Amino acid sequence: MKYIPLKYLSLSLGFVAHTSLAVETEEGYDSHNDKATPENIQLAELFNQDQNARNIPHSEIDWSSLNKEDEDRRKKVSKMLAEGRIRTSKDYYNAALIFQHGNKSEDIRLAHALATIAATLAEDKNKANWLKAATWDRLMMNLGRPQWYGTQFVKDDSGNWSLYNIDSDIVSDQQRIDWSVRTLEESKAMEKSLNSKKEK
């Protein structure tokens, strides 16, 4: 059995230990939730904006403008967190995905913490578990370290995709499956598929 080294765990758990996050199940609201409902709707709208902005070919994206929009969304989500208005698994998932698109390690570390809470609260954990893995891989990539799960692909100047450097010995394929992630063989096949589509 393999264990995650403590030096890596501290990257995400250290944040949770020093941050106050309001956690409630979807059935566990009290009267205070009435005040939070509009903010939850606003969070869903921010999530949709984040996704719609990326639902076009990458070559057509104005990244300078998108980075500013992403930063504005993160500020709004941070305010919701500070006010205790993010409560359900879906809320934490939406917030995690928005922070995952940050460029700073602090943003991505927060995304991983939020995705972990989302997975803890969720009944169907598939999406949140995948986001847990993706945020961790993205954090490792941001820190210049190999990814663990194989969720991150990079594109070179010629438009060719490759699986970002991966440490294949830290987690097993079974652990990847448990977190709703492709096996290494499937990720390598995905790399070939992405490039074959480019050639067509």
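These are numbered notes on a predicted model, covering its overall make-up, two of its helices, its salt bridges, its largest pocket and one loop residue.

1. Overall make-up. The protein chain contains eight helices and two strands. Read from the N terminus, the order of elements is α-α-α-α-α-α-β-β-α-α. The chain has 200 residues, of which 42% count as buried.

2. Helix α3, length. Helix α3 takes in residues 63-82, 20 residues in total. From first C-alpha to last, α3 reaches 28 Å, which is close to the 28 Å expected at 1.5 Å a residue. After the helix comes Gly-84, which has a positive phi, near 70 degrees.

3. Helix α3, two sides. Leu-66, Asp-70, Arg-73, Arg-74, Val-77, Met-80 and Leu-81 are the buried residues of α3. They lie on the same side of the helix, because the arc they cover around the axis is only 115 degrees. The exposed residues Lys-68, Lys-75 and Ala-82 are on the other side of α3. Note that the buried set includes charged side chains, among them Asp-70, Arg-73 and Arg-74; these three come up again under the salt bridges.

4. Asn-67. This residue also belongs to helix α3. Its relative accessibility is 32%, so Asn-67 counts as partly exposed. In sequence Asn-67 and His-101 are 34 residues apart, while in space their C-alpha atoms are 8.7 Å apart. His-101 is named again in the point on the pocket.

5. Salt bridge between helices. The structure has eight salt bridges. One of the pairs to check is Arg-74 with Asp-107, where the closest N and O atoms are 3.4 Å apart. Arg-74 sits in helix α3 and Asp-107 in helix α5 (residues 105-121), so this pair ties together parts that are 33 residues apart in sequence. Both partners, Arg-74 and Asp-107, are buried.

6. Other salt bridges. Lys-79 and Glu-83 meet through their side chains at 2.7 Å, N to O. Lys-79 has a relative accessible area of 48% and Glu-83 one of 32%, so each of the two counts as partly exposed. Salt bridges with shared partners join Asp-50, Arg-54, Asp-70 and Arg-73 into one network. Within that network, the side chains of Arg-54 and Asp-50 form a salt bridge of 3.3 Å, N to O. Asp-50 is buried, its relative accessible area being 0%.

7. Helix α4. This helix covers residues 89-100. It has 12 residues and reaches 16 Å from its first C-alpha to its last, close to the 16 Å expected at 1.5 Å a residue. Most of α4 is covered, as 11 of its 12 residues are buried. Among the buried residues are Asp-91, Tyr-92, Tyr-93, Asn-94, Phe-99 and Gln-100. Smaller stretches of the list can be followed along the chain too: Ala-95, Ala-96, Leu-97 and Ile-98 are buried as well.

8. The largest pocket, position. Its volume is about 970 Å³. The lining has 25 residues, and those closest to the centre of the pocket are His-58, His-101, Arg-138, Gln-152 and Phe-153. A reader who wants to find the pocket in the structure can start from these five residues.

9. The largest pocket, lining. Which elements supply at least two residues each to the lining? They are α3, α4, α6 (126-142), β1 (153-155) and α8 (184-199). The most comes from α6, which gives four residues. Sorted by class, the lining is made up of 11 nonpolar, nine polar and five charged residues. Helices α3 and α4, described above, are thus both represented in the lining.

10. Ser-180. The loop between α7 (173-178) and α8 contains Ser-180. Phi of this residue is positive, near 60 degrees, although Ser-180 is not a glycine. Ser-180 counts as partly exposed, at 28% relative accessibility. The other positive phi in these notes is that of Gly-84, after α3.

Definitions and conventions
Residues numbered from 1 in each chain as written. Predicted model: local features only at pLDDT ≥ 70, side-chain atom pairs only at ≥ 80, totals over all residues. Heavy atoms only, no water. Expected span 1.5 Å × (residues − 1). Buried < 20%, exposed > 50% of the residue type's maximum accessible area, 1.4 Å probe, protein only. Arc of directions from axis to C-beta. 1 Å grid on protein atoms, 1.4 Å probe; cavity = no way out; pocket = protein on both sides within 12 Å on 5 of 7 lines; lining within 4 Å. Points joined across faces, edges and corners; volume = space filled by probe spheres on them. Salt bridge = Lys/Arg side-chain N within 4 Å of Asp/Glu carboxyl O.
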